[in-house]
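Here are my notes on the model, set out as numbered points. Please read them with the structure open.

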Amino acid sequence: ATDNTGLSAGVHQRLVGRLFLDVSGGYSTTTYHGTTTAPNTPGIGNYSSISFNAALSTTIVKRLTASAFFQAANNSSGSTMYNYNTTQVGLTLGYSF
């Protein structure tokens, strides 16, 4: 059995002309409960995660879009072997038909 709690939010905002900013983030927790009477390793089944995302995007020509993004996430648990931080940056090109 598990208990899950989460909250996320985001915003999409035009900055100027065809330049847009997207920002979002979230927080979640998951707690796992044993379903037997066998002893559990304490804390391993409890996780919390935090994420943050930001992107700038624009339309280059009628059907071509470009964006630059940043993503960061943190996961923590009762066991250090399951803790991690990640960050990514990148560029995205899109073409619609």
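1. Asparagine 75 has tyrosine 84, in strand 5, as its bridge partner. This is a predicted model, and the pair belongs to the antiparallel pairing of strand 4 with strand 5, which extends over 12 bridges. Another pair to check here is phenylalanine 69, which stands opposite glycine 90 of strand 5. The hairpin that joins strand 4 to strand 5 passes through six residues.

2. Is strand 5 largely in the open or largely buried? Of its 12 residues, the number buried is one, so strand 5 lies largely in the open. The cut-off behind this count is a relative accessible area under 20%. For the chain as a whole, 11% of the 97 residues count as buried.

3. The sheet is open and has five strands in the order 1-2-3-4-5, paired antiparallel. Strand 1 (2–16) and strand 5 (84–95) stand at its edges; each has a single partner strand, so one side of each is left without a neighbour in the sheet. On average, and with direction ignored, neighbouring strands of the sheet are turned by 10 degrees against each other.

4. The chain contains five strands and zero helices. Read from the N terminus, its elements run β-β-β-β-β. Among contacts in the chain with a separation of 6 or more, 45% come from residues 24 or more positions apart.

5. Strand 3 covers residues 46–61. Strand 2 (residues 19–32) pairs with strand 3 in the antiparallel sense over 13 bridges. In this region, valine 23 stands opposite alanine 54 of strand 3. Strand 3 is also joined to strand 4 (residues 64–77) by 14 bridges, again with the two running antiparallel. A hairpin through two residues joins strand 3 to strand 4.

6. Threonine 58 is a useful residue to inspect in strand 3. Its bridge partner in strand 4 is alanine 66. Which residues does threonine 58 touch, leaving out those up to four places away in sequence? They are Arg18, Leu19, Leu64, Thr65 and Ala66. Alanine 68 is 10 residues from threonine 58 in sequence, and the C-alpha to C-alpha distance between them is 9.4 Å.

7. Why does threonine 58 count as partly exposed? Its relative accessibility is 28%, and the partly exposed class takes in values between the buried limit of 20% and the exposed limit of 50%. Leucine 56, also placed in strand 3, is partly exposed as well, with a relative accessible area of 40%.

8. Leucine 56 should also be viewed together with Leu15, Val16 and Leu19, since these four form a nonpolar patch on the surface. Together they have about 320 Å² of accessible area. Leu19 of this patch is also one of the residues that threonine 58 touches.

9. A last point concerns the surface of the chain. The exposed area is about 7,200 Å², and carbon and sulfur atoms supply 60% of it. When looking at which side chains face which way, recall that in a regular strand the side chains alternate between the two faces of the sheet.

Conventions
Residues are numbered from 1 along each chain as its sequence is written. This is a predicted model: local features need pLDDT of at least 70, side-chain atom pairs count only at pLDDT 80 or more; totals for chains, interfaces and linings use all residues. Side-chain values use heavy atoms; hydrogens and water are left out. Patches are made of residues with over 30% relative accessible area and no salt bridge: like charges are joined within 9 Å, nonpolar side chains (Val, Leu, Ile, Met, Phe, Trp, Tyr) within 5 Å. Accessible areas come from the Shrake-Rupley method with a 1.4 Å probe; for residues, only the protein chains shown count as cover. A salt bridge is a side-chain nitrogen of Lys or Arg within 4 Å of a carboxyl oxygen of Asp or Glu. Helices (H or I, at least four residues) and strands (E, at least two) are DSSP runs, numbered from the N terminus. Buried means under 20% relative accessible area, exposed over 50%, partly exposed in between (1.4 Å probe, protein chains only). Two strands pair if DSSP finds at least two bridges between them. Axes are lines fitted to C-alpha atoms, for helices over the stretch in contact, and angles run from 0 to 180 degrees between N-to-C directions. Contact means heavy atoms within 4.5 Å.
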